Amino acid sequence: MKTTLIFVYNASTGVLDKYLDAIHKIISPKTYSCDLCSLTHSVFSEKTAWKNFRQYASFDSIFMYKDQFINTYSDYSDIDFPVVFTVKEKTMQLLFTADQLGELQNTEDLIASILSKIDAN
């Protein structure tokens, strides 16, 4: 059975939220609260290395904002975001915690870590 990764950003779906996030990334990128966003996106678009990786990945990906995820998976509302889950054979497991994502330095580190963890499972 194919593995699916669920990437949950520490951001909300609202238009105003997205606008404020973009401003925050410009003014104070070091204090921006979504390390996953910083690893996968520049201020205005998806990073090329990340886009290429996910297009050719051997797993399926689901991308959700924090509010969407909590509405769908209310049992996980008390965790720190951003996070990445893996789903295989209807079993969902935490693949990356917010702290683990915060330790990654760049997009390439994220990609290498995903590949390492997917291969280990």
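Modeller: Let's pin down one term before we start: two residues are in contact when they have heavy atoms within 4.5 Å of each other. And keep in mind that what we're looking at is a predicted model.

Biologist: Fine. Then which residues does Thr4 touch, leaving out those up to four places away in sequence?

Modeller: Thr4 touches Asp60, Ile62, Phe85, Thr86 and Val87. Thr4 itself is found in strand S1.

Biologist: Is Thr4 buried or exposed?

Modeller: The cut-off for buried is under 20% relative accessible area. Thr4 has 16%, so it counts as buried.

Biologist: And how many residues of strand S1 are buried?

Modeller: In S1, residues 4–9, the count is 6 of the 6, so the strand is largely enclosed by the rest of the structure.

Biologist: How should I read the two sides of a strand?

Modeller: In a regular strand, side chains alternate between the two faces of the sheet. In this model, one side of S1 carries Thr4, Ile6 and Val8, and the other carries Leu5, Phe7 and Tyr9. These residues are all buried, which leaves both faces of S1 covered.

Biologist: Which strand runs parallel to S1?

Modeller: That's S2, residues 60–65, joined to S1 by 6 bridges. One pairing to click on is Ile6, whose bridge partner in S2 is Ile62.

Biologist: And which strand is antiparallel to S1?

Modeller: S3, residues 83–88, with 5 bridges to S1. Here Thr4 sits opposite Val87, a residue that also shows up among the contacts of Thr4.

Biologist: So what is the strand order in the whole sheet?

Modeller: It reads S2-S1-S3-S4, an open sheet of 4 strands with mixed pairing. S2 and S4 (91–96) are the edge strands, each pairing on one side only. From one strand to the next, the twist averages 25°. The S3 and S4 pair is antiparallel, over 5 bridges, and Phe85 has Leu94 as its bridge partner in S4.

Biologist: How do the helices fit in? What pattern does the protein follow along the sequence?

Modeller: It goes β-α-α-α-β-α-β-β-α-α, which takes in 6 helices and 4 strands.

Biologist: How do I get a feel for the fold as a whole?

Modeller: Try two numbers. Take the contacts between residues at least 6 apart in sequence: 62% of them join residues at least 24 apart. Then there's burial, with 33% of the 121 residues buried. As for the outside, the accessible surface comes to about 7400 Å², and carbon and sulfur atoms account for 50% of that.

Biologist: What should I expect of the interior?

Modeller: In soluble globular proteins, nonpolar side chains tend to be buried together. In this protein the largest nonpolar core has 19 residues, and the ones with the most contacts inside it are Leu5, Val84, Leu101, Leu110 and Ile114.

Biologist: Which elements each supply at least two residues of this core?

Modeller: Those are S1, helix H2 (35–40), helix H3 (48–56), S4 and helix H6 (107–120). H6 gives the largest share, 4 residues. For a close-up, pick Leu101: beyond residues up to four places away in sequence, its contacts include Leu36, Leu39, Val84, Phe96 and Leu110. There's also a second, separate core of 8 residues, including Ile6, Val83, Phe85 and Met92.

Biologist: Now the charged groups. How many salt bridges are there?

Modeller: The test is a side-chain nitrogen of Lys or Arg within 4 Å of a carboxyl oxygen of Asp or Glu. By that rule there are 2 salt bridges. In one, Lys2 pairs with Asp60, the closest N and O atoms being 3.5 Å apart. That pair links distant parts of the chain, 58 residues apart: Lys2 lies in the segment before S1, and Asp60 in strand S2.

Biologist: And which side chains make the other?

Modeller: Glu46 and Arg54, at 2.5 Å from N to O.

Biologist: What relative accessible area does Lys2 have?

Modeller: Lys2 has 45%, so it's partly exposed. Asp60 is partly exposed too, at 38%. For the second pair, Glu46 is partly exposed with 22%, and Arg54 is partly exposed with 28%.

Methods: Residues numbered from 1 in each chain as written. Predicted model: local features only at pLDDT ≥ 70, side-chain atom pairs only at ≥ 80, totals over all residues. Heavy atoms only, no water. Buried < 20%, exposed > 50% of the residue type's maximum accessible area, 1.4 Å probe, protein only. Pairing = 2+ DSSP bridges. Axes fitted to C-alpha atoms, helices over the stretch in contact; angles between N-to-C directions. Areas by Shrake-Rupley, 256 points an atom, 1.4 Å probe, with all protein chains shown as cover. Core = buried A, V, L, I, M, F, W, Y, C linked by side-chain atoms within 4.5 Å.
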